[in-house]
Amino acid sequence: MWASAPSPARSTGGHAPTRDAGASPTAPDEPCDLVTVPARQGLEAVDILRRGGAPAVGSVLHDGACDTLGFLVPPGTAAAWDMPGSACTRTDGRGLRLPEPPELPGPDGATTRPSDWLLPPGDGGHVTDPVMLREALGQAARLIEAADGRR
């Protein structure tokens with residue numbers, strides 16, 4: 001299920017995003033993997049990571065329809081990624097390089113959609129630590145579930 005999201009220029013906290021340093025020193029010309037999630041859960045996770053106080057959020061993409069967010073993570077993350085409700089695409093350097101925003105997988109997994117940066121690459125690292133991302137996505141899912149009254 002793909003949730004609709006607020007304007008891609010704002011997070012769920014109602015503030016404009018700013019550039020945070022990533023969790024890894026991966027250089028912008030190195031490959032990275034991509035974790036995609038529904039936009040609502042992704043925006044909540046961005047807020048959770050940013051509130052944590054540590055520079056935990058790397059570059060984040062949103063698709064043109066604002067249905068999906070994509071978190072850049074270190075290469076090799078896809079091999080062990082098994083979080084329900086998300087997908088991690090292994091790139092092995094096949095075109096997912098910064099600073100050009102790549103296309104994101106569509107809901108059917110077979111098509112792609114154009115994307116743009118929610119949090120663009122900056123001078124620091126550009127990937128999000130996958131362990132911290134997994135925790136934030138889990139917390140975000142629980143918050144959404146509670147807010148929607150499904151408990």
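Okay everyone, this is a quick walk through the confidence, the sheet and the salt bridges of this structure.

First thing to keep in mind: what you're looking at is a predicted model. So how sure is the predictor overall? The mean pLDDT of the protein is 74, and 62% of its residues reach 70 or more. If you go element by element, helix 2, residues 130-147, comes out with the highest mean pLDDT, at 95. At the other end, strand 5, residues 104-105, has the lowest among the elements, at 66. And then there's the start of the chain: over residues 1-28 the pLDDT is below 50. That stretch still has 79 contacts in the model beyond near neighbours in sequence, but please read those with the pLDDT in mind.

Right, on to the sheet. It's an open one with 5 strands, in the order 4-1-3-2-7, and the pairing is antiparallel. Which strands stand at the edges? Those are strand 4, at 87-89, and strand 7, at 115-119. Each of them has a single partner strand, so one side of each is left without a neighbour in the sheet. From one strand to the next, the twist averages 30 degrees.

As a reminder for anyone new to this, strands of a sheet pair through backbone hydrogen bonds, either parallel or antiparallel. Let's zoom in on one pair here. Strand 2, residues 60-63, and strand 3, residues 68-73, run antiparallel and are joined by 3 bridges. If you want a spot to click on, try His62, which stands opposite Leu69 in strand 3.

Now the side chains. How many salt bridges are there? The count comes to 2.

One of them is Arg40 with Asp148, where the closest N and O atoms are 2.9 Å apart. Arg40 sits in helix 1, residues 39-51, while Asp148 is in the segment after helix 2, so this pair ties together parts that are 108 residues apart in sequence. Are these two out in the open? Arg40 is partly exposed, at 28% relative accessibility, and Asp148 is partly exposed too, at 33%.

The other is Asp82 with Arg134, and there the closest N and O atoms are 3.2 Å apart. Asp82 belongs to the loop between strand 3 and strand 4, and Arg134 to helix 2, so here the parts tied together are 52 residues apart in sequence. Asp82 is exposed, with a relative accessible area of 57%, whereas Arg134 counts as partly exposed at 30%.

That's my tour, thanks for listening.

Conventions. Residues are numbered from 1 along each chain as its sequence is written. This is a predicted model: local features need pLDDT of at least 70, side-chain atom pairs count only at pLDDT 80 or more; totals for chains, interfaces and linings use all residues. Side-chain values use heavy atoms; hydrogens and water are left out. Two strands pair if DSSP finds at least two bridges between them. Helices (H or I, at least four residues) and strands (E, at least two) are DSSP runs, numbered from the N terminus. Axes are lines fitted to C-alpha atoms, for helices over the stretch in contact, and angles run from 0 to 180 degrees between N-to-C directions. pLDDT is the predictor's confidence in each residue, from 0 to 100. Contact means heavy atoms within 4.5 Å. A salt bridge is a side-chain nitrogen of Lys or Arg within 4 Å of a carboxyl oxygen of Asp or Glu. Buried means under 20% relative accessible area, exposed over 50%, partly exposed in between (1.4 Å probe, protein chains only).
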